Every structure is written in C-alpha cells, then in structure tokens.
Amino acid sequence: MTLPLSDLRVVEFGQLLAGPFCGQLLGDFGAEVIKVEDPGRGDPMREWGREKPHGKSLWWPVVARNKKSVTCDLRQPEGQALVRKLIDTADIVVENFRPGTLERWGMAPATLWETNPGLVVTRVTGYGQTGPYSSRAGFGSIGEAMGGIRYVMGDPDRAPVRAGISLGDSLAATYACLGTLVAIHHRERTGRGQVVDSAIYEAVLAMMESLLPEWAVAGYQRERTGAVLPNVSPSNVYPTGDGDLILIAANQDSVFGRLSVAMDSPELATNPKYATHSARGAAMEELDGLIAKWTATKNADELLGKLHEAGVPAGRIFRAKDMFADPHFAAREAIVSVPHPDFGSIPMQNATPKLSETPGSVRSAGPALGEHNDEIYGGLIGLGETERARLRQHKII
C-alpha cells in the first residue's frame with residue numbers, strides 16, 4: 001500500500017525531541033525523512049533513556065523510526081554547501097535550532113527559496129521566531145511553565161509538578177506537523193513554500209481551554225486541584241475491594257443517572273443536591289465519598305463489568321505492562337514490534353490516528369548514525385565514492 005505522504009521528502013535538522021517528533025509523525029505516514037546529524041556523536045537522543053540494554057537507548061528507536069540518517073558538519077562551509085544540495089531535492093525542512101542559526105549557516109528561508117521556491121521550512125523553538133524572548137534558550141519544561149500548564153498541575157498545597165513525559169516538546173511538534181501539512185496544502189494551490197513557526201509555549205497555551213477568558217472576564221484564576229477538576233463531579237479515582245483504583249467519569253446528567261441506577265440508588269439522580277452539573281460540583285466531596293463507599297464493596301473486575309453494562313465511562317489506570325496484556329490494544333494493533341539489530345525486535349506505539357484508506361505504519365526503528373550516507377549522498381545527490389571518502393576524511397560527513 002502506498003503511504004499518503006510518500007511523495008514528500010523531509011530534511012530534518014535539530015535534535016532531542018521537539019523537531020524530531022515532528023519528523024517522526026511525518027515519517028509515520030510515509031514521508032521520506034532524512035535526518036542530518038553531527039558526524040561526531042549524532043543526536044543526543046541516541047544516549048537518552050532511563051534503561052539502556054546493550055548500552056543502547058530505548059528512546060531513539062521510537063523517535064527516529066522510519067527515518068534515514070546522514071551525517072554532516074553544518075558548521076563547516078563545505079557541509080553547508082552539501083546540505084544545500086540535499087535541501088534542493090526536498091519538500092520540507094524541519095529544524096529546532098535557536099532562531100538565527102540557519103541564517104548564520106547561510107540557509108535562511110529566503111535563501112533556500114531561491115533554488116527551491118516550494119520548500120516548507122518548519123521551525124520549532126521555545127518562544128517562536130519573533131518577539132523579545134525569541135533568542136533565549138528554550139526547553140520544553142520552560143515552555144510548559146510559560147504556557148500555563150505547569151501552574152495548574154499538582155496538589156494545591158505543593159509546588160507545581162510536571163508530567164512524566166516531554167509534554168511541551170511533543171505538543172509543539174504535533175502543532176508543527178499540523179502546520180506543515182497546512183503549508184503543503186497551500187503550496188499545492190500556489191506553488192510557494194512558507195515558514196511554519198511553532199513555539200513550545202504557544203502549543204501549550206493552545207491546550208489551556210478557557211484559562212484566559214476565565215481570568216479576563218470572570219476574574220477567576222485556575223489553581224492546582226490535584227486529581228480532580230473543580231466543579232466537575234463525579235470524575236475521580238475510586239477504590240475497589242481488592243485494592244485496585246478505578247477511574248469513573250459520570251459528570252454529565254444522563255451518565256450520572258445511569259451511575260445512580262448501577263449503584264442501586266436511583267434517587268441520587270433526582271436529589272436536588274446532585275441532580276445538576278452545578279449541584280454535583282458544589283457537593284463534590286460528599287458525592288465522591290458516597291461513590292467510594294460503594295466501589296469499595298466490589299472487586300475491580302466486578303465493578304468495571306457493572307459500570308460498562310450501565311454505559312458509565314470507567315477504566316483502570318494503565319501501566320505499560322497492562323497495555324501489553326489488554327485485548328483492546330491488541331485488537332487495534334496499538335502496539336507494534338519492529339525489527340532491531342540489537343534487541344531482535346522492539347515494541348513501540350503504532351502510528352496514530354488511524355486512516356481507513358491510507359493508514360500510517362512503523363517500518364523501521366531508529367537508524368545507526370550515518371547509516372544512509374551512501375544511499376543519500378551517493379544515490380540522491382550523486383557524489384562518487386572518491387568524493388564521499390574525501391568528505392569522510394575531512395570529517396564533513
């Protein structure tokens with residue numbers, strides 16, 4: 001099956017997560033993603049990760065999947081000239097350097113458009129390409145703080161916490177991917193490329209729901225509320241008789257009515273204290289207590305069976321081992337295993353979202369450093385073996 005983006009070539013610069021995750025998303029749907037890495041050590045993501053069996057990162061095979069790796073020293077003029085030839089064959093450049101870096105290397109978008117006017121230049125940074133903070137170093141954690149999500153995460157009596165994943169980087173990369181595809185659509189009509197400017201703090205801000213008008217219009221400052229959302233009830237984690245924890249989300253009126261019937265307490269749904277969304281929000285603590293008292297009388301499987309039968313959204317809090325054992329993950333192929341030279345095969349999350357006619361796929365794990373130098377510099381750019389050997393000798397590639 002031909003993948004939907006198989007007609008696009010992406011040259012990916014940058015490192016760590018924000019730019020490379022955008023490249024991963026494009027590669028999942030078939031784009032040829034050529035990742036340009038420093039000849040000395042490559043992307044630091046090759047070394048990242050808590051666990052390193054065989055001394056190898058378990059993060060790299062995921063974020064660099066479906067990509068080709070070439071090496072090039074972009075700080076040397078000869079390396080810049082070589083990459084310019086590569087960019088001239090491309091549809092998209094993805095980079096997450098600090099603003100001005102490409103310009104210093106003679107690869108400003110306007111310069112690239114002189115020979116490739118349809119090129120889309122996707123730039124992912126902490127603060128964006130403009131504005132007084134644009135020149136600052138910006139990591140995902142700082143963007144999360146500035147975008148507002150850090151302040152509202154955690155318990156109210158403690159300092160803000162962070163998610164256990166690189167949320168800001170991934171959000172900025174996802175929006176960068178969206179912007180890239182919008183720019184490609186525009187190019188189909190005009191023939192012209194453009195810059196896609198994705199800032200981490202703005203990607204986080206975009207997810208902050210009604211945070212801004214709540215403050216500007218109602219004078220309400222969202223605060224940390226721990227495991228619950230204020231005035232949204234019931235929507236919490238509840239104990240079971242066998243020591244498990246189950247999430248129940250029944251805050252909508254009709255769903256709360258079904259939960260009340262499942263609890264053999266249908267009168268709760270008509271009690272003025274709980275009959276409306278606002279009333280349940282005001283009585284959150286009391287209502288949670290009633291539900292917890294009921295859930296604690298049942299084991300997790302019995303409880304979930306009863307809730308699902310009643311049409312009440314509920315579920316366990318999954319860990320990795322639960323995902324591998326779950327039949328729904330298996331039925332939808334949410335996890336795939338990919339061949340790997342060191343691990344034999346390595347499992348990872350599948351491409352998402354699912355498309356009915358042209359789904360994405362994971363075709364290869366992250367490549368070795370410079371694995372595709374000969375294929376790209378020899379086959380695509382047309383450099384002979386003698387020239388490639390000279391570039392290797394001078395550490396250009």
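**A tour of a hairpin and its aromatic neighbours**

Begin by selecting strands β7 and β8, which form a hairpin with 5 residues between them; in the turn, Gly243 has a positive phi of about 85°. Strands here are DSSP runs (E, at least two residues) numbered from the N terminus. The model is predicted, and local features need pLDDT of at least 70, side-chain atom pairs count only at pLDDT 80 or more, and totals for chains, interfaces and linings use all residues. Residues are numbered from 1 along each chain as its sequence is written, and side-chain values use heavy atoms, with hydrogens and water left out.

Next, colour β7, residues 235-239, and β8, residues 245-249: the two pair in the antiparallel sense over 5 bridges. Strands pair if DSSP finds at least two bridges between them. Select Asn236 and find its bridge partner in β8, Ile248. Asn236 and Tyr238 make up the covered face of β7, while Ser235, Val237 and Pro239 lie on the uncovered one.

Now turn to the aromatic rings. The structure holds 4 aromatic pairs (Phe, Tyr or Trp rings, the last by its six-membered ring, with centres within 6.5 Å). Select Phe97 and Trp105: their ring centres are 5.1 Å apart and their planes stand at 80°, so this pair is edge-to-face (over 60 degrees). Both Phe97 and Trp105 are buried (under 20% relative accessible area, 1.4 Å probe, protein chains only). Add Phe13, which ring pairs link with Phe97 and Trp105 into a cluster.

Finally, select Arg136, whose charged end sits over the ring of Tyr133, 3.8 Å from its centre. For Arg, this requires CZ within 6 Å of the ring centre and within 35 degrees of the ring normal.

Definitions and conventions: Buried means under 20% relative accessible area, exposed over 50%, partly exposed in between (1.4 Å probe, protein chains only). Helices (H or I, at least four residues) and strands (E, at least two) are DSSP runs, numbered from the N terminus. Rings of Phe, Tyr and Trp (its six-membered ring) pair if their centres lie within 6.5 Å; planes under 30 degrees apart count as stacked, over 60 as edge-to-face and the rest as tilted.
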